[in-house]
Each structure stands twice: as structure tokens, then as C-alpha cells.
Amino acid sequence: MSDPDTPSARHLWPPTCTTDMLRLRAVMLDAIRHFFSGGGYLEVETPLLSRDIVVDAHLEPFQIPSTDDPGSYLFLQTSPEAAMKRLLAAGSGSIFQITRSFRRAESGRRHNPEFTIVEWYGVETTYEDQMLLTQNLIHHAIHAVRNWPATAPPIATSAGFCNDRFLSPFRRTRYVDAFQSALNTDVLNASVAELQQLVRRRTSTTVDSPLPADRDDLLNLLLAECVEPRLGAEQPEFLCDYPASQAALAERSVTDDRTACRFELYIQGLELCNGYQELTDPDELRRREAEQNLSRLAHATSALPGAPLLEAAMQHGLPSCSGVALGFDRLVMCLSGADHIDQVIPFPGDRA
């Protein structure tokens, strides 16, 4: 047993956020629950540990050896997506969940390996519907804090919550238009060589650094350094209609096959949520899992087994729906004016 009197234990036991911040989180979580229940969404719970894992080239799950099946693993979920879609296929109707999710190798000012996520799926809704719902949800949370009858903690009257631009209608900007504005280039039609030249000219990549040959890797570099810092600078802003190669589990657009029905919300350059018009075709799910695993191997990470239980649910029949995953801790950061995630959670990874 470790010694509680060691200098490290004496230093690390206290929480990194204030009690006022905990109260603020509680008010916001209560507001979110009331918003969804009032809108006809059922609150659900799904496993944190599952045999299924949604394959993403850029997300690394925690793996835990299975005690029931030697040689196999369970996964701490990077989001509750797979299990929630199984509920949708079973006839749950529109659902939401407030839970914990886990991602390896994600620590820093805006990241913690364990975090609170709000995820929801609206049956027979479009991704455009969900952009409006996301805006209304955030407005509802802000009003709940401002109308809090208890003595307001100092954080609730900080510049974050006093800033009325969060209550204005959120902007919607197409991915291609955001890049056109920042780089004066139609990146959806640019070649890999042209994107490499842009990376050389417009990012911090050094002259002798090798450049990625993958189109999406180049786009992500340009997004991070040239586009993201501009997003949501004046008011919250949805970046929508991502390249089809970055569809993840979103449907491709029926009006422009270069793009997918996907959006992300940004406030002052910080990404808060990811939304999709959800893919319902199990064959396409299998194809995209294979594609993502190839990308993982190309980036020197291991392949993942995928989500066979989700695939079976989709074969049974996933209803037409759109879903959103929102990082709650990041939302608290934005609205409270905090500049580090440690200020809005009690026990970050190095104190857990």
C-alpha cells in the first residue's frame, strides 16, 4: 500500500477545480437532462467496457484483457456510439446519455484521458436539425446558469457567461468555404502535391521535415494551423460538410459526393462536438472499418477488431437518425472562460 504521507500524495490529493466549479457543472448537467427529457429523448446507460470498439484512425482506446476469453480484449469506450446505436436498432426511439469516455494519449490543456461526454441520437432527424438542437441546448445551459437561484459563484458571472455572443445564432460554414477563406484554395479539388505546397508555405512545418503523402493528413495539418484558430472567433460556428474521406460514420451527401453529412462546433478555435447524419448500411460500416484500420497501420498503430455487435444491429435495421457527441468539459471551459481543462474537472489524469 502506498504511503499517504509521501510528498507526492500530500501534493496530489486535492482537486484541481473549485467547489464553485463543481456546482456550476451540476447546474449545467441538470439543465441538459431537462432539455432532452422535455424534448422527448430517453436517457439511457450503456457499458463503459465492451467487446465492440468503433475504429478510428486517430483515436486510441484503452484495452483490458478479457477474463472470460483469454487472448481477447475489452475496450474502454472512446464514445458510447456503438451501444447507443444498438438501442436505436432495438426500437428505443430518440435517446441521450451523459457518461464517461476514454482516449489514450490525450493529455494537455484541452484533453484528459477520461472525460465527460453528452451523446444523443434523434430518430428521423437530419444533421441540419441537430445543428439547431445543439445551439438550443447550449443556449438552454447558459440560461440555466444565469437564472440559478442560489448565490452565484464567481465563475458564473465571469466574462465567459456574460458574453452574449454565445446566445446569438450559431454560424454555419462549409469545410470548403473555411479553407477558401483561410488559404484561398479549393482544397476538395486540390492535388496531394498542391496540398503539400500549402503545408510548406502556410504551416510551421520545417523545410527539411518529411511531408505526409496522405491527403487527409495534409488537410488535418492545414485545418489545425490555418483554419481552426479562426473558427468561432466572433460567435459559435459549425464547420460542416467535411470531405467524404473524413466521413467516419456519417452518410455521404446526396448533393455533393465529395462531402459527408458531418459537422463540428467551434468556439474560439476549440472544437466542442461532432455530429453526423448517421450511416445505416452495415456493408459500408465494414468497408470503412477496414479503411480506418489500413490508416492505423500506416500510422504505426495496431488494427482494431471493430464493432461486430453494432454491425449486427445495423443488419437488423438502424432507423434514419442523426447524432451528436459533445465534450461537456470543453463546453464548461468555453462558457466559464477557463483556459485549462484542469480548472473544470476535479481529478485530471495525473491526480486520478
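## Surroundings of Q277

Leaving aside neighbours within four places in sequence, Q277 is in contact with T125, T126, Y127, L249, A250, E251, C261, S320, C321 and S322. These contacts belong to a predicted model. With one of these residues, S322, the side chain of Q277 makes a polar contact, side chain to side chain, at 3.4 Å.

Q277 is part of strand β10, which comprises residues 270-277. Its relative accessibility is 14%, so Q277 counts as buried, the cut-off being under 20%.

## Helix α9: span, start and burial

Helix α9 comprises 17 residues, 282-298. At 1.5 Å a residue the helix should span 24 Å, and its end C-alpha atoms are 24 Å apart, so expectation and model agree. At the start of α9, the backbone nitrogen of D283 has a side-chain oxygen of D281 within 2.9 Å. After the helix comes A300, which has a positive phi, near 65 degrees.

Which residues of α9 are buried? They are P282, E284, L285, R288, E289, Q292, N293 and R296. The cover over these buried residues includes α10, residues 308-317.

## Salt bridges along α9

Within the helix, D283 and R286 form a salt bridge, with their closest N and O atoms 3.2 Å apart. The two residues are three places apart in α9, which means that about one helical turn separates them. D283 counts as partly exposed at 48% relative accessibility, and R286 likewise counts as partly exposed, at 37%. In addition, E284, R287, R288 and E291 are joined into one network by salt bridges that share partners. Of this network, E284 and R288 are among the buried residues of α9.

## Salt bridges between separate elements

The structure holds 16 salt bridges. One of them links E60 and R296, whose closest N and O atoms are 2.8 Å apart. E60 lies in the loop between β2 (49-50) and β3 (62-65), whereas R296 lies in helix α9, so this pair ties together parts that are 236 residues apart in sequence. Are these two partners buried or exposed? E60 is buried, with a relative accessible area of 17%, and R296 is buried at 0% relative accessibility.

A further salt bridge joins the side chains of R146 and D164, at 3.1 Å from N to O. R146 belongs to helix α4 (residues 127-146) and D164 to the loop between α5 (159-162) and β7 (171-174), so the pair ties together parts that are 18 residues apart in sequence. R146 is partly exposed, with a relative accessible area of 34%.

## P305 in the loop after α9

P305 is located in the loop between α9 and α10. Its relative accessible area is 56%; because the cut-off for exposed is over 50%, P305 counts as exposed.

What does P305 touch, not counting residues up to four places away in sequence? Its contacts are I53 and F75. The C-alpha atoms of P305 and V54 are separated by 8.7 Å, although these two residues are 251 residues apart along the chain.

## Summary of α9

Helix α9 contributes R296 to the salt bridge with E60 and contains the D283 and R286 pair. Its buried residues are covered in part by α10, and the loop between these two helices holds the exposed residue P305.

Definitions and conventions:
Residues are numbered from 1 along each chain as its sequence is written. This is a predicted model: local features need pLDDT of at least 70, side-chain atom pairs count only at pLDDT 80 or more; totals for chains, interfaces and linings use all residues. Side-chain values use heavy atoms; hydrogens and water are left out. Helices (H or I, at least four residues) and strands (E, at least two) are DSSP runs, numbered from the N terminus. The expected span of a helix is 1.5 Å times one less than its number of residues. Buried means under 20% relative accessible area, exposed over 50%, partly exposed in between (1.4 Å probe, protein chains only). Contact means heavy atoms within 4.5 Å. A polar contact is a pair of N or O atoms within 3.5 Å; within protein, one must be able to donate a hydrogen and the other to accept it, and residues adjacent in sequence count only if both atoms are side-chain atoms. A salt bridge is a side-chain nitrogen of Lys or Arg within 4 Å of a carboxyl oxygen of Asp or Glu.
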